[in-house]
Every structure is written in structure tokens, then in C-alpha cells.
Amino acid sequence: MSSSEHYLRLTVAALLYATGETQTDLAEGLRLTQGQVSRKQSGRASWTLADLDRLAAHYGIPVPDLLCGPDRALVRLPATRRAATLGGTQTVITPG
């Protein structure tokens, strides 16, 4: 696995977290199956250049910023794409 692939997987994971999307949500946006996204994220399959273009369109982030790693991609993520609560729903734990 190249470091570029590794950074792209980290970037996609960070974007999923920041937007509150699941792999299923991302798969629908990219016209892939959830299994395909899972294989790409686990390193069993590679993200293609076509996937990269679709990721950029899906998140509204230029391709070069996706390749610069999670920090740069998150800075470029449009505010309208961010989840109200990072990581999805927030759970409140009450004393038992």
C-alpha cells in the first residue's frame, strides 16, 4: 500500500466522520455499493481516479485537497456538508 492510498483512506474516514455519513451514504453518492466502499477503505481494493473525481464532487472539495490528507480536506469541506454533531448522533449518559 502506498502512502497516498493510506492518506486517501484516512481522508475519506475523516470526511465520513465530519459529515455524519455512513459508508452506505457515501456509496450511494458515488454510485458504488457499500461493499465496494468498505473494500476501498480497508485497503483490499484501491480508490481509482474516477472514484477520486466522484469523491471531490460528492464532498465539494477539489481533488488536490483530497490528496493532501485529512486536515486539508476538512478545512475545505463546505460548512453545509458538516454534521451538526461531529461523528453523528451524540449520546448522553445519565447516572443509573
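Let's start at a bend in the road: right after helix α1 comes Gly-20, and its phi is positive, near 75°. Keep in mind that the model you're looking at is a predicted one. With that said, let's step back and see what surrounds this glycine.

The protein is built from six helices and zero strands. If you walk along the chain from the N terminus, the elements read α-α-α-α-α-α. The protein has 96 residues, and buried ones make up 32% of them. How much of the contact network links distant parts of the chain? Taking contacts between residues at least 6 apart in sequence, 50% join residues that are at least 24 apart.

Now go back to α1, the helix just before Gly-20. It has 17 residues and reaches 24 Å from its first C-alpha to its last, which is close to the 24 Å expected at 1.5 Å a residue. Its buried residues are Leu-8, Arg-9, Thr-11, Val-12, Ala-14, Leu-15, Leu-16, Ala-18 and Thr-19. What do they pack against? The answer is α2, α3, α4, α5 (63-66) and α6 (70-76).

Leu-10 also sits in α1, but you won't find it on the buried list. Partly exposed means between 20% and 50% relative accessible area, and Leu-10 has 38%, so it counts as partly exposed. Leu-10 also has a partner from another part of the chain: its C-alpha atom is 7.2 Å from that of Gly-69, although the two are 59 residues apart along the chain.

Next, see how α1 meets α3. These two helices pack at an angle of about 125°, with their axes 9 Å apart. Angles of 65 to 115 degrees count as roughly perpendicular and those over 145 as roughly antiparallel, and α1 and α3 are therefore oblique to each other. On the α1 side, the contact is made by Arg-9, Val-12 and Ala-13, while α3 brings in Lys-40, Gln-41 and Ser-42. Sorted by class, this contact has two nonpolar, two polar and two charged residues.

Helix α2 covers residues 23-30, and its buried residues are Leu-26, Ala-27 and Leu-30. Look down the axis of α2 and you'll see these buried residues fall within an arc of 100°, so they line one face of the helix. What covers them? The cover includes α1 (3-19), α3 (34-42) and α4 (49-59).

One of those covering helices, α4, deserves a look of its own. The axes of α2 and α4 come within 9 Å and cross at roughly 110°, which makes α2 roughly perpendicular to α4. From α2, the contact uses Asp-25, Leu-26, Gly-29 and Leu-30, and from α4 it uses Arg-54, Leu-55, His-58 and Tyr-59. These residues divide into four nonpolar, two polar and two charged.

Finally, what happens just after α2? There you meet Arg-31, with a positive phi of about 60°. Most residues other than glycine have a negative phi. Arg-31 has its positive value although it is not a glycine. You'll find this residue in the loop between α2 and α3. Is Arg-31 buried or exposed? Its relative accessibility is 65%, so it counts as exposed.

Note on methods
Residues are numbered from 1 along each chain as its sequence is written. This is a predicted model: local features need pLDDT of at least 70, side-chain atom pairs count only at pLDDT 80 or more; totals for chains, interfaces and linings use all residues. Side-chain values use heavy atoms; hydrogens and water are left out. Buried means under 20% relative accessible area, exposed over 50%, partly exposed in between (1.4 Å probe, protein chains only). Helices (H or I, at least four residues) and strands (E, at least two) are DSSP runs, numbered from the N terminus. The arc is that of the directions from the helix axis to the C-beta atoms. Contact means heavy atoms within 4.5 Å. Axes are lines fitted to C-alpha atoms, for helices over the stretch in contact, and angles run from 0 to 180 degrees between N-to-C directions. Angles under 35 degrees count as roughly parallel, over 145 as roughly antiparallel, 65 to 115 as roughly perpendicular and the rest as oblique. Ala, Val, Leu, Ile, Met, Phe, Trp, Tyr, Cys and Pro count as nonpolar, Asp, Glu, Lys and Arg as charged, and the others, Gly among them, as polar. The expected span of a helix is 1.5 Å times one less than its number of residues.
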